[in-house]
Amino acid sequence: MAGAASARPLSSDPLAIWVVSDGRAGIENQALGLAEAVQRLTPAEITIKHIRWRPIFDRLPSALKTPAMLASAPLTGPWPDLWIATGRATLPLSTRIKAWSGGKTFVIQTQDPRWANDRYDLIVAPAHDGLSGDNVFEITGSPHRITPQRIAQTAPAFADRIASLPHPRVAVLIGGKSKAFDLTPAHAADLADQIADAVRASGGALMLTFSRRTPDAAKAVMTARLSDLPGWIWDGTGENPLFGFLHFADHILVTEDSANMAAEAASTGKPVHVLPMIPLKAGDKFARLHDDLQSRGATRPFDGALDGWTYEPLAETDRAARAVLEAMQTR
């Protein structure tokens, strides 16, 4: 699908947008990030809907699920102008909302649905998935909620803890075990030693956060080996300082296992150094993503040095939002 023209309000009334997911933060934030990007372009009211299936039906194929199998509250009208959904749990409803609304609702699915792809008005898909079709709009990475404005607004809450740290400040975003990658204690120790050497050589400070997928053993090893550096290793208590880290960082190090983390980091315009993980299977999709980010000048493999560079910050979620409004206007 081609790039979109500048967006303009569809009518004098705010768009009613439903953000639909199973409620997991990493999934919901994709749909919510896209909804918020649309809202920045035209007046809109966003409502969040969580979909949960009764356990006995949860693993059924999407084609066999019916609304009667829901554990969450049934959905009822008035139906939204725009339905933005993410994740497998939403598919049986995303394919029905058009009929329920009498054709009123414009239906968007993010990620590759892998089922009934012709039944959505628009699929906003990561380019590295290699999905194609007349209703497919490809972006680098996935939609997300991080914008320069949001980072700047949130960062002051963490200034007391970060502003006095020496430069260069190095934000480190650690992922974890997935179907494609692993983070063993031995590999975590090796990464920690490389990070420590780089921070010490630069005379700077460390700002480190782990993901929910980081194995406890790897977390413990990295914390032990990095805790003597100036900075902040977030232990998961209190408000997540991620936006503060991104705002105050001079460099960002991110493990290669998360498309979301890499794309979010690249939205800052700051040098993004990619940390290797242990591959568990062929990583063609991730290789395509990282090749894309490197071709844009956003990322480089971490080589132990904190070299700086500049590039145009990625604004893929905003680009997708413009495409959404253009598609709604021309349908």
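## Surface, fold and cores

The chain exposes an accessible surface of about 14,700 Å², and carbon and sulfur atoms own 51% of this area (Shrake-Rupley method with a 1.4 Å probe). Please keep in mind that this is a predicted model, where local features need pLDDT of at least 70, side-chain atom pairs count only at pLDDT 80 or more, and totals for chains, interfaces and linings use all residues. Numbering runs from 1 along each chain as its sequence is written, and side-chain values use heavy atoms, without hydrogens or water.

The radius of gyration of the chain is 21 Å, which agrees with the value near 20 Å for a compact globule of 331 residues (taken over C-alpha atoms; the rule is 2.2 Å times the number of residues to the power 0.38). Along the principal axes, the C-alpha atoms fill a box of roughly 65 × 45 × 35 Å. Half the story is inside: 50% of the 331 residues are buried (under 20% relative accessible area, 1.4 Å probe, protein chains only).

The largest nonpolar core has 32 residues, and I162, L173, M207, L246 and I252 have the most contacts inside it (a core is a set of buried Ala, Val, Leu, Ile, Met, Phe, Trp, Tyr and Cys residues joined through side-chain atoms within 4.5 Å). The elements below each supply at least two residues of this core (helices are DSSP runs of H or I, at least four residues; strands are runs of E, at least two; both are numbered from the N terminus).

| Element | Residues |
|---|---|
| β7 | 169-174 |
| β9 | 205-210 |
| α8 | 242-248 |
| β11 | 251-255 |
| α9 | 259-266 |
| α10 | 284-295 |

A second, separate core of 26 residues includes V172, A192, A196 and L306.
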